[in-house]
Every structure is written in structure tokens, then in C-alpha cells.
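Subject: Structure for you to look at

Dear colleague,

I am handing over the structure that we talked about, and I would be glad if you opened it beside this message and followed along residue by residue.

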Amino acid sequence: MKTKKIAYLGLLVALAFIFSYIETLIPINIGVPGAKLGLANLVIIVALYTIGEKNAFLLSMVRIVLVGFTFANLASMLYSLAGGILSFLAMCIAKRSGKLSTTGVSVVGGVFHNVGQILMAIWVVKTASLVYYLPVLIIAGLASGVAIGILGAMVTKRVKKVVNWD
Amino acid sequence: MEENKKKNDLILIGVLLMVALAAYFCISFFQGANTKNGVAVVTIDDAEYGRFPLVVDTEERIELPDGSYNLLVIQDGKADVTEASCPDGICVNHRAISKQGQSIVCLPNKVVVEIENGEESDLDAVTN
């Protein structure tokens with residue numbers, strides 16, 4: 001049982017890693033920095049619904065550190081960490097509340113990822129006016145969250161059919 | 001149960017959308033109404049580098065000790081970063097800014113260009 005889980009987690013790490021790379025190849029220009037497709041969050045959502053919070057959190061952190069050292073730089077790793085941790089906590093709370101479906105949980109994740117990044121950026125460059133980016137980034141997070149959430153639910157359903165941990 | 005969740009999703013999305021849109025319009029309204037004699041203030045890593053009034057067309061190459069740079073161009077009352085050494089180029093892609101509180105940030109170089117209000121001139125106050 002344990003080996004199965006380790007293999008599955010490794011697979012997800014690889015997938016999240018590749019998605020992050022693809023994301024860096026697709027720049028999105030909506031006038032403000034920090035907007036991304038959120039493809040990697042698809043993997044985190046699927047992990048959250050299939051192997052539980054602890055493993056999903058581990059996956060999220062491993063992904064950020066790996067990506068930080070390869071495709072990005074240490075500064076952007078800092079922003080990703082803030083976004084990743086805040087977004088993960090928010091998604092856990094949203095999921096535990098039992099009031100939202102995968103789409104809702106994913107939307108919460110997308111929005112809070114951007115909120116976390118902006119807060120970290122405000123702290124790093126000490127420029128409070130970065131807050132002005134937030135409305136646009138919230139909408140971007142919403143849009144990406146909806147798409148990723150719908151996809152995530154579809155993938156989760158299929159993955160659950162294939163894997164059982166017993 | 002599932003139907004309920006879907007409804008909650010929609011409520012969540014709707015509320016977030018409305019809050020973001022309201023905030024967006026409030027911000028652009030206040031920025032526009034409050035801008036007078038805008039000055040582009042450039043800071044590097046929280047230390048002020050220079051102030052450039054938007055009424056004067058200029059070009060300033062902001063050089064950093066490590067050799068990286070951002071090119072700030074002020075034209076037609078707007079400030080824009082048109083060239084930079086940073087890898088992501090986010091500051092270059094950013095639109096030109098002219099309203100108070102707007103900013104262009106280059107995170108890799110820690111360069112911030114922010115629009116502030118300049119000294120209020122008496123003439124403007126009268127003609128207003």
C-alpha cells in the first residue's frame with residue numbers, strides 16, 4: 001500500500017513539475033504581473049481529493065522548490081511559496097467546510113494564490129500600492145480557478161476509479 | 001447535496017467577481033480624480049532613485065550596480081518602461097502609467113516606478 005502511494009505521489013510531482021514548465025512557456029499579459037494559467041494547481045487539486053491534505057501539501061512544496069531552482073529564480077520562488085502556502089491553506093479550509101464542490105475549492109485556491117503573491121511582493125518591495133493589482137489578479141484567479149476546478153473534478157473521478165490504496 | 005454545492009460555488013464566484021470589479025472601478029475612479037501634476041518616482045530596493053515630472057518628456061536609463069537596467073521613458077504625460085534587462089520582461093509589457101498610485105514594478109531588479117502627486121501649483125488651483 002505504501003509503495004503504491006509513493007509511486008503515485010512521485011507521478012504527481014513529475015506532472016506538476018512539467019505543468020509549471022509549460023506555464024513558463026505561455027506568458028499571459030493582462031497588464032499586471034503574476035497571472036498564470038494555474039496548470040500546476042490542477043495536480044494539487046487532484047492530489048487533495050485523492051491522497052489527502054498532508055501529501056498534497058508536500059507535493060505543492062516540492063513542486064515550488066523544484067521549479068524555483070530550475071525554471072525560475074529565488075525571488076520568484078519566494079512569491080510562489082507565499083502564494084502556494086496561502087492557497088493551500090485556503091483550499092483545505094474550503095474543502096473541509098463541505099460546502100463547496102471541486103470548482104469552488106479551486107476558485108478559492110486560485111484567488112488566494114494571487115493574494116499571497118501580492119502580499120509577499122508588497123512586503124519585499126515595500127510598495128503598498130501593489131494592492132491596486134489585486135482586483136485584476138482576483139478575476140484572473142477566478143477564471144483560472146473555474147477552469148482548473150472543472151478539469152480537476154473530471155480527473156479526480158477517473159483517477160479514483162483506477163487507484164485504491166488497499 | 002451536490003446541487004447545493006454547485007449553488008454555493010456560483011455564489012462564491014459571483015461575490016468575488018463583484019468585489020473585484022467594485023474595487024477595480026473605485027481604484028481607477030479615485031486615481032483619476034486625485035492625479036495632479038503627476039511625478040514618476042523611481043525607487044530601487046526601497047531607496048529613492050529619482051523623481052521625474054510627467055509633463056517633461058525624458059528618457060532615463062536606470063542602471064543597477066550589477067549591470068542590469070530598466071529604461072524609463074516619459075512621453076505624453078505617461079511613464080513607461082520600454083526596455084529592461086530582466087528575464088521576464090513584465091515591467092516592459094506593463095502599460096504606460098499616469099494616474100496617482102499606479103506603478104510599474106520590476107521584481108528581479110527591485111525597481112519600482114510609482115506615480116505620485118506633485119506640488120500643487122496655485123495656477124492650477126485657480127483654473128480648476
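Below is what was found in it, beginning with a cavity and ending with the cysteines and domains.

Please keep in mind throughout that this is a predicted model. A search of the whole structure finds 1 cavity of 30 Å³ or more, and the volume of this largest cavity is about 290 Å³. Its lining is made up of 27 residues, of which Lys36(A), Gly38(A), Asn41(A), Gly110(A) and His113(A) are the closest to the centre. In chain A, at least two lining residues each are supplied by helix 2 (39–50), helix 3 (52–70), helix 4 (74–97), helix 5 (102–125) and helix 6 (134–162), and the largest share, 6 residues, comes from helix 5 of chain A. If you sort the lining by residue type, you will find 9 nonpolar, 15 polar and 3 charged residues.

Asn41(A) is a good residue to look at next, and you will find it in helix 2 of chain A. Its relative accessibility is 17%, and because buried means under 20%, Asn41(A) counts as buried. Leaving aside neighbours within four places in sequence, Asn41(A) is in contact with Met91(A), Ser106(A), Gly110(A) and Ile148(A).

Tyr49(A) also lies in helix 2 of chain A, and with a relative accessible area of 18% Tyr49(A) is buried. Not counting residues up to four places away in sequence, Tyr49(A) touches Lys95(A), Ser101(A), Thr102(A), Val105(A), Thr156(A) and Lys160(A). Tyr8(A) is 41 residues from Tyr49(A) along the chain, and the C-alpha atoms of the two are separated by 13 Å.

Turning to the cysteines, how many disulfides are there over all chains? The count comes to 0, and one pair in chain B shows how such a case is decided. The sulfur of Cys106(B) has its closest cysteine sulfur in Cys86(B), at 3.5 Å, and because a disulfide requires the two sulfur atoms to be within 2.5 Å, this is too far for a bond. Cys106(B) is buried, with a relative accessible area of 2%, and Cys92(A), for which the value is 9%, is buried as well.

Finally, the domain assignment of chain B gives domain 1 (1–34) and domain 2 (37–118), and the centres of these two domains, taken over C-alpha atoms, are separated by 31 Å.

With best wishes

Note on methods. Residues numbered from 1 in each chain as written. Chains lettered and ligands numbered in written order. Predicted model: local features only at pLDDT ≥ 70, side-chain atom pairs only at ≥ 80, totals over all residues. Heavy atoms only, no water. 1 Å grid on protein atoms, 1.4 Å probe; cavity = no way out; pocket = protein on both sides within 12 Å on 5 of 7 lines; lining within 4 Å. Points joined across faces, edges and corners; volume = space filled by probe spheres on them. Helix = DSSP H or I, 4+ residues; strand = E, 2+ residues; numbered from the N terminus. Nonpolar A, V, L, I, M, F, W, Y, C, P; charged D, E, K, R; others polar. Buried < 20%, exposed > 50% of the residue type's maximum accessible area, 1.4 Å probe, protein only. Contact = heavy atoms within 4.5 Å. Domains from an automatic or database assignment.
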